[in-house]
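User: Hi! I'm new to protein structures and would like to learn how to read one. Could you walk me through it?

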Amino acid sequence: MELDHVYVFTTVGAPEARVLVEAGLTEGSGNVHPGQGTSNRRFFLHNFMLELIWLRDEAEARSAVVAPTLLWERSRHQACPMGICLRGARTELPFPTWEYRPPYLPAGRAIHVAHTPPEEPLLFLVDGLVRPDEYPEARREPLEHAAGLRELTSLRLTMPTTPSVPLRALESLELVRLHHGVATRMELQFDDGKRGWTRELHPLPWTLSA
């Protein structure tokens, strides 16, 4: 079980991506999620990805298939605008999930979503994911960055609420570190933080360190 990526909802077109570029990250490809009503911009590291996502089609996001994810509410910050994606075998998950099958996924694949409250990041596992540095040639993304970041080694999640059982299970697996604070934020540490480098990414609720 590994962390695959995190996302945060932004304004349309994700102009907030400029703070990642200014921090020394190279942008990769973006994509559209047909039937889900969202689009994204993405930044790839060797073992991880940062996703900025925005609402493209309200009707799709509020459809019967998509509505249980609260993506529409998350896009409006009526629920937590962030998410955490895992990769690995679904059978290894230490908590129950429900299957989300958005129209853009190939037949037979599913997103396994944890039962977490709206005030927490959406927590889910996608079948068949691999590290970005293991993508096939046709899907290769830029992995080298002026900031020198290579591999995510720690994710610290700060929240003002009591963590759910699934989040506490992730902490027991040492995939996240949970802290109590006045606002929900993520600190993403790369390469064991050996350089003492830190960037606050306001207005994004993320801090990068290395």
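**Reading the fold step by step**

Analyst: Happy to! The secondary structure of the protein chain comes to 4 helices and 13 strands. Keep in mind that this is a predicted model.

User: What is the radius of gyration of the protein chain, and what would a compact globule have?

Analyst: The protein chain has 16 Å, and a compact globule with 210 residues would have a value near 17 Å, so the two agree. Along its principal axes, the C-alpha trace spans about 45 × 40 × 30 Å. Of the 210 residues, 50% count as buried. Among contacts between residues at least 6 apart in sequence, 61% join residues at least 24 apart.

User: Let's pick one strand. How many residues of strand 5 are buried?

Analyst: Strand 5 covers residues 82-87, and 6 of the 6 are buried, so this strand is largely enclosed by the rest of the structure. For the general idea, side chains in a regular strand alternate between the two faces of the sheet. Here, Met 82, Ile 84 and Leu 86 point one way, while Gly 83, Cys 85 and Arg 87 point the other way.

User: Which way does strand 1 run when it pairs with strand 5, parallel or antiparallel?

Analyst: Strand 1 (residues 2-9) pairs with strand 5 in the antiparallel sense, over 6 bridges. To find a spot on screen, look for His 5, whose bridge partner in strand 5 is Cys 85. Strand 5 is also joined to strand 8 (residues 122-126) by 4 bridges, and these two run parallel. There, Gly 83 stands opposite Leu 122 of strand 8.

User: Now the interior. Which residues touch the most other members of the largest nonpolar core?

Analyst: The general idea is that nonpolar side chains in soluble globular proteins tend to be buried together. In this model the largest nonpolar core has 45 residues, and Leu 50, Leu 188 and Trp 206 touch the most other members. Strand 9 (residues 152-159) gives the most to this core, with 4 residues. A second, separate core has 13 residues, including Ile 53, Cys 85, Tyr 100 and Leu 122.

User: What does Leu 50 touch, leaving out residues up to four places away in sequence?

Analyst: Among the residues that Leu 50 touches are Val 6, Leu 20, Phe 43, Leu 188 and Trp 206. Arg 41 and Arg 42 are also touched by Leu 50.

User: Those arginines are charged side chains. How should I read charged pairs?

Analyst: Side chains of opposite charge can pair when their charged atoms come close. The count in this model is 12 salt bridges. One of them joins Arg 87 and Asp 4, at 2.8 Å from N to O. Arg 87 lies in strand 5 and Asp 4 in strand 1, so the pair ties together parts that are 83 residues apart in sequence. Both Arg 87 and Asp 4 are buried.

User: And what are the partners of Arg 41 and Arg 42?

Analyst: Arg 41 forms a salt bridge with Glu 27, with the closest N and O atoms 2.8 Å apart. Arg 41 counts as partly exposed at 23% relative accessibility, and Glu 27 counts as partly exposed at 28%. Arg 42 meets Glu 141 in a salt bridge at 3.8 Å, N to O. Arg 42 lies in strand 3 and Glu 141 in the loop between strand 8 and strand 9, so this pair ties together parts 99 residues apart in sequence. Arg 42 counts as buried at 15% relative accessibility, and Glu 141 is buried with a relative accessible area of 17%.

Technical notes: Residues are numbered from 1 along each chain as its sequence is written. This is a predicted model: local features need pLDDT of at least 70, side-chain atom pairs count only at pLDDT 80 or more; totals for chains, interfaces and linings use all residues. Side-chain values use heavy atoms; hydrogens and water are left out. Buried means under 20% relative accessible area, exposed over 50%, partly exposed in between (1.4 Å probe, protein chains only). Two strands pair if DSSP finds at least two bridges between them. A nonpolar core is a set of buried Ala, Val, Leu, Ile, Met, Phe, Trp, Tyr and Cys residues joined through side-chain atoms within 4.5 Å. Contact means heavy atoms within 4.5 Å. A salt bridge is a side-chain nitrogen of Lys or Arg within 4 Å of a carboxyl oxygen of Asp or Glu. The radius of gyration is taken over C-alpha atoms; the globule rule is 2.2 Å times the number of residues to the power 0.38.
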